[in-house]
Amino acid sequence: MQLFRCWSGVMSKIILPILAFFFIAGSSLYAEGVNWRSWEAAVDEAKSTNKIIMMDVIRDNCRYCIKMEKAVFDNEKMAAYIEKNFIPVKVNLSKRELPMGLKVEITPTFFFFTADKKMIKKISGSWNQRDFHGFTDKIIANSRLKDEK
């Protein structure tokens, strides 16, 4: 019985805190997905970084939005690519209206804006990683060409 009391004391004072630390640290180290901003925060950030704002417009029960979230935005490499090249904004039409009087016919729909809120491109539909990466690369390239002129 004495051995059990000693072991339970060790468990509660040493091992459980260590396990808790690794659980918390591990979950934050391996967090995946895009860090979505609000429209207002994205506009402020774009002014200082001169990055393109990428707005993803969704609805709660949109199966294509959910599919794209899992296939594209939850992917670690795609999330890193998006964070590096864009300021990502997600607007859920089930919870709020679009800024600037924007309208969409279907979800998901993507808008791309300059730092001064000028629309660069609007694209509707659900995309796989390769296609999404391809058309966003073109948006980046076209934006750089305009900056060089």
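**Exercise 1. Pairing around strand S1**

Task: State how many bridges join S1 to strand S2 (residues 86–92), and whether the two run parallel or antiparallel.

Solution. Step 1: S1 and S2 (residues 86–92) run parallel and are joined by 7 bridges. Strands here are DSSP runs (E, at least two residues) and helices are DSSP runs too (H or I, at least four residues), numbered from the N terminus. Two strands pair if DSSP finds at least two bridges between them. The model is predicted: local features need pLDDT of at least 70, side-chain atom pairs count only at pLDDT 80 or more, and totals for chains, interfaces and linings use all residues. Residues are numbered from 1 along each chain as its sequence is written, and side-chain values use heavy atoms, with hydrogens and water left out.

Step 2: Take single residues of S1. Met54 has Pro88 of S2 as its bridge partner, and Met55 has Val89 of S2.

Step 3: Turn to strand S3 (residues 109–113), which runs antiparallel to S1 and is joined to it by 5 bridges. Here the bridge partner of Met55 is Phe111.

**Exercise 2. The whole sheet**

Task: Find the order in which the 4 strands form the sheet.

Solution. Step 1: Add strand S4 (residues 119–124), which is antiparallel to S3 and joined to it by 5 bridges. One of the pairs is Phe110 with Ile123 of S4.

Step 2: Look at the link between these two strands. S3 and S4 form a hairpin with 5 residues between them, and in the turn Lys117 has a positive phi of about 70°.

Step 3: Put the strands together. The order is S2-S1-S3-S4, in an open sheet with mixed pairing. S2 and S4 stand at the edges with a single partner strand each, so one side of each has no neighbour in the sheet. From one strand to the next, the twist averages 15°.

**Exercise 3. The surroundings of S1**

Task: Explain why S1 (residues 52–58) is described as largely enclosed by the rest of the structure.

Solution. Step 1: Count the buried residues, where buried means under 20% relative accessible area, exposed over 50%, and partly exposed in between (1.4 Å probe, protein chains only). In S1, 7 of the 7 residues are buried, so the strand is largely enclosed by the rest of the structure.

Step 2: Sort them by direction. In a regular strand the side chains alternate between the two faces of the sheet. Ile52, Met54, Asp56 and Ile58 point one way from S1, while Ile53, Met55 and Val57 point the other way.

Step 3: Find helices that lie across S1. Helix H2 (residues 39–49) lies across S1, S2 and S3, at about 170° to S2. Helix H4 (residues 76–85) lies across S1 and S2, at about 110° to S2. These angles run from 0 to 180 degrees between N-to-C directions, with axes fitted as lines to C-alpha atoms, for helices over the stretch in contact.

**Exercise 4. The two sides of H2**

Task: Say which residues of H2 are buried, and which exposed residues lie on the face turned away from them.

Solution. Step 1: Trp39, Ala42, Val43 and Ala46 are the buried residues of H2. Seen down the helix axis, they fall within an arc of 100°, so they line one face of H2. The arc is that of the directions from the helix axis to the C-beta atoms.

Step 2: S1, S2 and S3 are among the elements that cover these buried residues. The face turned away from the buried side carries the exposed residues Asp44, Lys47 and Ser48.

Step 3: Asn50 follows H2 and has a positive phi, near 60°.

**Exercise 5. A disulfide and a helix residue**

Task: Name the cysteines that form a disulfide, and list what Thr136 is in contact with beyond its neighbours within four places in sequence.

Solution. Step 1: The whole structure holds 1 disulfide, defined as a pair of cysteine sulfur atoms within 2.5 Å. Cys62 and Cys65 form it, with sulfur atoms 2.4 Å apart. Their link is right-handed, with 80° about the S-S bond.

Step 2: Cys62 is buried at 9% relative accessibility, and Cys65 is buried at 7%.

Step 3: Thr136 lies in helix H5 (residues 129–148) and is buried, with a relative accessible area of 0%. Leaving aside neighbours within four places in sequence, Thr136 is in contact (heavy atoms within 4.5 Å) with Tyr81, Phe86 and Phe112.
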